[in-house]
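Me: I'd like to go through this one by asking where each label comes from. Can you set the values against the definitions as we go?

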Amino acid sequence: MSWIGHLVNAVSLGVVYGLVAVSVGLVFGVLRQVNLAQGEVIALGAYSLWMTRDLPVVVRILVCIGVCVAMSLVIQVIIFRPLRGASALTTLIVTFGLSYALEGVWTIVFGTNGQPVSMLSSLNQVVVGGNVGLRWITLVEMGVGGIFFALLVLVLYGSKIGVMMRATAEDFRTARIVGVRIDRVVTLAFVFGGVSAAMVAILFTVQTPLVTPTLGFNLITLGLVGTVLGGIDRLGRATAGGFVVGFVNSMLGAIIPQELLVFLPMLTFMFVIVMLVVRPAGLFTPKGSNVERV
Amino acid sequence: MSHLADELVQDARATTIPVATDRLVCSGVSVAFAGVRALDQVNFSVNRGEVVGLIGPNGAGKTTLLNVLTGFTEVVTGSVHLDGRDITHLAPHRRARLGLERTFQHGRLFSGLTVRENVELGAIAVRVSKRKARSTAARLLAALDLEKVADVPVAQLSHGDQQHVSVARAVAAAPRYLMFDEPAAGLPEGSLTQLGLVIEWAIKESGAGIVLIDHNVDFVLNLSDRVVVLDYGKVLAEGSSDEIRQNVNVVSAYLGEAGVENLAASQAP
């Protein structure tokens, strides 16, 4: 495959991780707490696609979105609401534990070998062949990702709830004092997080149809790294960070020889370490607002 | 309950102030911090459309009283009523929804939002539609000559202009009662006239009952219909601005004996 082909694939994976970053970044933006169990929302969405394998595609997609939103809201109610006001570290540990627990549940219910999601596999057909190797799924991913980001920006900057959400993300306490209905804002963040998790589940399983219990954790690990790399304080930067991590991971995978692919995570994380040491506040955070050095 | 709290409950029995509609009332309010009485049997009220100044030396209890009214500080004894409704134990954000707004000493604006969005938010947060909030913000920004910077992030504005935006945000919420917490703090002397005009505009625009706190006594006296003076957590004096200027107890509390002598000398024929 040519460099153009590798670039196209890298953009494709970048969009997926950009969506993972949105999924994590929305909740973090509002609550300043990380939801490590968001990966399991994606995993359950992917399993729902397998469970609805006999239904029409549109129904499967709608069920997947519904399942992810519902799961996201359940996590909000049973974990985040009781832990409101707890330290970010407490929530991190609790959601880390929840992620492991749910991974165990997936193993018990769905087995360790994984389940195949055969949906929209025709999207893997090539649009432009030869050295480019552009597939329909890449175009669909870019289109879906672009539309979703555009809608999100429209909501955040053009709607009543969007203004409240941005105000809450900036200063939770003051937003509450001036009368913003915080519970509504938080719920909406979890709903959007659920929808973006469903997008990831759908787009990812078209390309990689085997859903295993570790799918969610693997996606969230790199996605979360991406949000920090971009600058977790701002959703746009976090999303761009997710994209960069997905892009770099894909490009490194293309560059290194087949027998060294086992070292791909190591190389990706080395890239992240170097970038964060050079730009501790995030790759896309302006230089002036660097982190405080004690 | 601590000994001090017991004492405060005993004292509270005698002191009450009539509650009424169109009135924000705090009645027999006592607050204690670490065994020290920050407020002691304070009665305070503001009617809708009235401007009440609240002054007193450092540590007199002005900010504590404002925090009691807005729900940031819990009372040990006493009550707070808004238009006849008991709001003593209501959280600040619930009071905001009932029409009790406040500004903050340091603005507490959303620096990443534009000037327009900050003002719109004041209205949006109290259930005004986006369209109406937008037209309200446009009107208020035009009145304050802030149209040119309407789409600029508020962080780029001077401290003085940020205070004006803060006032506009509070007015956008169409408050029934509006508390100004040291609006002149940190402003250069030259900006006070402008701020005074903005607050006068806010008083007329909102028609709300206003409580104004500031260390700058002249600033408060010039804007207030009625002034309440606190000292050591108690009401030291109450009256019109002119009465307060001539009050021996008030002058003594602020300036000591020398101030009283000067006052006497100025009143001598």
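Me: What makes the residue that follows helix 9 of chain A stand out, by its phi?
Reply: Helix 9 of chain A is followed by Gly231(A), and the phi of Gly231(A) is positive, near 125 degrees. Helices here are DSSP runs of H or I with at least four residues, and strands are runs of E with at least two, both numbered from the N terminus. This is a predicted model, where local features need pLDDT of at least 70, side-chain atom pairs count only at pLDDT 80 or more, and totals for chains, interfaces and linings use all residues. Residues are numbered from 1 along each chain as its sequence is written, and chains are lettered from A and ligands numbered from 1 in the order in which they are written.

Me: How do you know that the span of helix 9 of chain A agrees with its 16 residues?
Reply: The expected span is 1.5 Å times one less than the number of residues. For residues 215-230 of chain A that gives 22 Å, and the end C-alpha atoms are 23 Å apart, so the two agree.

Me: Why is helix 9 of chain A called mostly covered?
Reply: A residue is buried if 20 or more other C-beta atoms, placed from the backbone, lie within 10 Å of its own (exposed means 12 or fewer, partly exposed is in between). In helix 9 of chain A, 13 of the 16 residues are buried, hence the label.

Me: And helix 5 of chain A, what does its span say?
Reply: Its 23 residues, 136-158, should span 33 Å, and the end C-alpha atoms are 32 Å apart, so that agrees. Buried residues in helix 5 of chain A include Ile137(A), Thr138(A), Glu141(A) and Gly145(A). The buried residues of this helix pack against helix 1 (3-31), strand 3 (134-135) and helix 8 (182-207) of chain A, with contact meaning C-beta atoms, placed from the backbone, within 7 Å.

Me: How do you know that the radius of gyration of chain A agrees with a compact globule?
Reply: The globule rule is 2.2 Å times the number of residues to the power 0.38, taken over C-alpha atoms. With 294 residues that comes out near 19 Å, and chain A has 19 Å, so it agrees. Chain A holds eleven helices and four strands, and 45% of its residues are buried.

Me: What makes up the largest nonpolar core?
Reply: A nonpolar core is a set of buried Ala, Val, Leu, Ile, Met, Phe, Trp, Tyr and Cys residues joined through C-beta atoms within 7 Å. The largest has 160 residues, and Cys68(A), Val200(A), Ala201(A) and Val211(B) have the most contacts inside it. Domain 1 (3-98 + 176-267) and domain 2 (100-174) of chain B both give residues to this core, so it lies between them; the bounds come from an automatic or database domain assignment. Leaving out residues up to four places away in sequence, Val200(A) touches Val16(A), Leu19(A), Val20(A), Ser23(A), Ile42(A) and Leu219(A).

Me: Which residues are in contact between chain A and chain B, by number and class?
Reply: 18 residues of chain B are in contact with 14 residues of chain A. Helix 4 (115-124) of chain B gives the largest share of chain B's side, five residues. That side has nine nonpolar, four polar and five charged residues. Nonpolar means Ala, Val, Leu, Ile, Met, Phe, Trp, Tyr, Cys and Pro, charged means Asp, Glu, Lys and Arg, and the others, Gly among them, are polar.

Terms used:
Contact = placed C-beta atoms within 7 Å.
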